[in-house]
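User: Please pick out one part of the model below, the pocket, and go through it closely. State the cut-offs behind each term as you use it.

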Amino acid sequence: PVLESIVARVIRQVETTAEPVRLVGLSATLPNYADVATFLRVKPDKGLFFFDNSFRPVPLQMQYIGVTERNAFRRFQVQNE
């Protein structure tokens, strides 16, 4: 929520003052980059750059692990094993 608040404030400042601001967002694992670009009000044809796995010097491996532990302390331990 902090990042979203900062971005929202910057966008509002740009709308109010009409002074351009450049926001740069980088992520190695962001699957919804188009949604984030829309939130940041990026013009897809000019300011959105997407690099697929062929640009990675090290292969990226995605893995989903489900944690069903209900006890918060034990869940924290399981997540960090």
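Analyst: The answer below starts with the chain as a whole, then turns to the pocket, and ends with individual residues.

This is a predicted model, in which local features need pLDDT of at least 70 and side-chain atom pairs count only at pLDDT 80 or more, while totals for chains, interfaces and linings use all residues. Residues are numbered from 1 along each chain as its sequence is written, and side-chain values use heavy atoms, with hydrogens and water left out.

The protein chain has four helices and zero strands (DSSP runs, H or I of at least four residues and E of at least two, numbered from the N terminus). Read from the N terminus, the order of elements is α-α-α-α. Along the principal axes, the C-alpha atoms of the protein chain take up a box of roughly 50 × 35 × 15 Å. The radius of gyration of the protein chain, over C-alpha atoms, is 18 Å, whereas a compact globule of 81 residues would come near 12 Å (rule: 2.2 Å times the number of residues to the power 0.38). Of those 81 residues, 5% count as buried (under 20% relative accessible area; exposed is over 50%, partly exposed in between; 1.4 Å probe, protein chains only).

Now the pocket itself. The largest pocket (an open set of points on a 1 Å grid where a 1.4 Å probe fits, with protein on both sides within 12 Å along at least five of seven lines) has a volume of about 1600 Å³, the space filled by probe spheres set on the points. Its lining holds 40 residues (an atom within 4 Å of a point), and Val24, Gly25, Leu40, Gly47 and Leu48 are the ones nearest the centre of the pocket. The elements that supply two or more residues to this lining are α1 (2-17), α2 (33-39) and α3 (44-47). Helix α1 gives the largest share of the lining, eight residues. By type, the lining of the largest pocket divides into 27 nonpolar, five polar and eight charged residues (nonpolar: Ala, Val, Leu, Ile, Met, Phe, Trp, Tyr, Cys and Pro; charged: Asp, Glu, Lys and Arg; polar: the others, Gly among them).

Helices α2 and α3 recur in what follows. The model has one aromatic pair (rings of Phe, Tyr and Trp, the last by its six-membered ring, with centres within 6.5 Å). The partners are Tyr33 and Phe50, and the pair is stacked at 4.4 Å centre to centre with 15° between the planes (stacked is under 30 degrees, edge-to-face over 60, tilted the rest). Because Tyr33 lies in helix α2 and Phe50 in the loop between α3 and α4 (72-79), the pair ties together parts that are 17 residues apart in sequence. Tyr33 is partly exposed at 31% relative accessibility, and Phe50 is also partly exposed, with a relative accessible area of 49%.

Val36 is another residue of helix α2; at 29% relative accessibility Val36 counts as partly exposed. Between the C-alpha atoms of Val36 and Leu60, which are 24 residues apart along the chain, the separation is 21 Å. In helix α3 there is Asp45, which is exposed with a relative accessible area of 69%. The C-alpha atom of Asp45 is separated by 17 Å from that of Asn32, with their positions 13 residues apart along the chain counted as the offset.

The loops contribute two backbone details. Ala18, in the loop between α1 and α2, has a phi near 65°, which is positive in a residue other than glycine. Ala18 is exposed, at 65% relative accessibility. Arg41 sits in the loop between α2 and α3 and has a phi near 60°, again a positive value in a residue other than glycine. Arg41 counts as exposed, with a relative accessible area of 52%.
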